[in-house]
Amino acid sequence: MRVLLIGANGYLGRFVADRLLADPAVQLTALGRGDDADVRFDLASGSPGALTRFLDAVHPGVVVNCAGATRGGARELTRHNTVAVATVCEALRRSGCGARLVQIGCGAEYGPSQPGSSTAEDAVPRPGGPYGVSKLAATELVLGSGLDAVVLRVFSPAGPGTPAGSPLGRLAEAMRRAMQSGDGELKLGGLGVQRDFIDVRDVARAVHAASLSAAQGVINIGSGRAVRLRDAAAVLARVAGYGGALHELDGPPGPSLRPTIGHPRPEPDHAAPVAYPYPDGCGSWQQADVRTARDRLGWRPRINLEESLADIWMEAACRI
């Protein structure tokens, strides 16, 4: 099976590439902006015609799109997450390869949900920020393309390779600094949110399964269990061997305190005390209903959060 993987050098794409390369039946070609890609192509600026010519030359049976942006303004997110997917869909429609498309979506497309609930694929999406909006627009383009396509809505990925700027990455970095400086107390904020964390290696297994299946539409990929960020912090402290106290801040930090885990930037000093949001626009709670993935892909998560956090800590501890 010939697979074209777009975004192979990204956070999820690296693990998807490893998983696909482990299948002796897969012949993998990587397309991306980096020098390590088999073919260099920028989806955000490249034309559908140029991509069509490449598709006709390689003739893949499956195209997996892991490319995209998680940070930036609305214009940048739209360019990398929506316009890029429009290019892929148009190129596949023009091409004679007839490839199946596996698009990586995200749980942020759903937006906030009711605490205690599990979000199924038939929920009405109400994204709470420009990232979720840009990804939802991409999903709608794929679903309306008429292609043989499936969108995997990945909830909160975790595990090795977790970006240092993500909430879990910042949590690990804050703990590393506390241990390095001998701090007996770690001051953190924004730990009240609950998210459905799923290991990146389990995500890669889901992509592999989706590539081989005939499933179409939207499929949630998550653990099916929401975890409070403060509980994740406690697990991380245990695997790191941090014996200090975790002190949770009720409001935004002052200039002398450590930044909160759930927000990329501290608020001005004069801001009123408010809960810091987790930066995905999904409010205080998110939990996936993963029955469709089980029924249609034969997929279940295998790696627990403690193992994911141990891998995050291993990488953080090695930083200088």
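Colleague: What phi does G182 take, just after α5?
Modeller: This is a predicted model, with residues numbered from 1 along each chain as its sequence is written. Local features need pLDDT of at least 70, side-chain atom pairs count only at pLDDT 80 or more, totals for chains, interfaces and linings use all residues, and side-chain values use heavy atoms, with hydrogens and water left out. Helices (H or I, at least four residues) and strands (E, at least two) are DSSP runs, numbered from the N terminus. Just after α5, G182 has a positive phi of about 75°.

Colleague: How far does α5 reach from its first C-alpha to its last?
Modeller: Helix α5 covers residues 167-181, which gives it 15 residues. The expected span is 1.5 Å times one less than the number of residues. For α5 that expectation is 21 Å, and the model comes close to it, at 21 Å.

Colleague: Is α5 mostly covered or mostly open, and how many of its residues are buried?
Modeller: Buried means under 20% relative accessible area, exposed over 50%, partly exposed in between (1.4 Å probe, protein chains only). The buried residues of α5 include P167, R170, E173, R176 and A178. Its cover includes β7, β8 (185-189), β10 (197-199), α7 (229-240), β13 (245-249) and α9 (305-317). The helix is mostly covered, and the buried count is 11 of its 15 residues.

Colleague: Which residue has a positive phi although it is not a glycine?
Modeller: Most residues other than glycine have a negative phi. The residue here lies in the loop between α2 (48-58) and β4 (62-65). At 41% relative accessibility, it counts as partly exposed. Its phi is about 55°, and it is H59.

Colleague: Which two residues form an aromatic pair?
Modeller: Rings of Phe, Tyr and Trp (its six-membered ring) pair if their centres lie within 6.5 Å; planes under 30 degrees apart count as stacked, over 60 as edge-to-face and the rest as tilted. A search of the whole structure finds one pair. With 6.0 Å centre to centre and 35° between the planes, the pair is tilted, and its members are Y110 and F155.

Colleague: How many residues apart in sequence are the parts that this pair ties together?
Modeller: Y110 counts as buried at 3% relative accessibility, and F155 counts as buried at 6%. Y110 is in the loop between β5 (100-106) and α4 (130-143), and F155 in the loop between β6 (149-154) and β7 (156-158). The pair therefore ties together parts whose separation in sequence is 45 residues.

Colleague: Which residue has its charged end over the ring of Y110?
Modeller: A charge sits over a ring if NZ of Lys or CZ of Arg is within 6 Å of the ring centre and within 35 degrees of the ring normal. Here the charged end sits 4.6 Å from the centre of the Y110 ring, and it belongs to R153.

Colleague: Which residues does H208 contact, leaving aside its neighbours within four places in sequence?
Modeller: H208 is in helix α6. It counts as buried at 11% relative accessibility. Contact means heavy atoms within 4.5 Å. With those neighbours left aside, the contacts of H208 are R19, L20 and D23.

Colleague: And which does R205 contact, again leaving aside neighbours within four places in sequence?
Modeller: R205 is found in helix α6 (residues 200-212). At 11% relative accessibility, R205 is buried. Its contacts beyond those neighbours are R19, W299, R300, P301 and R302.
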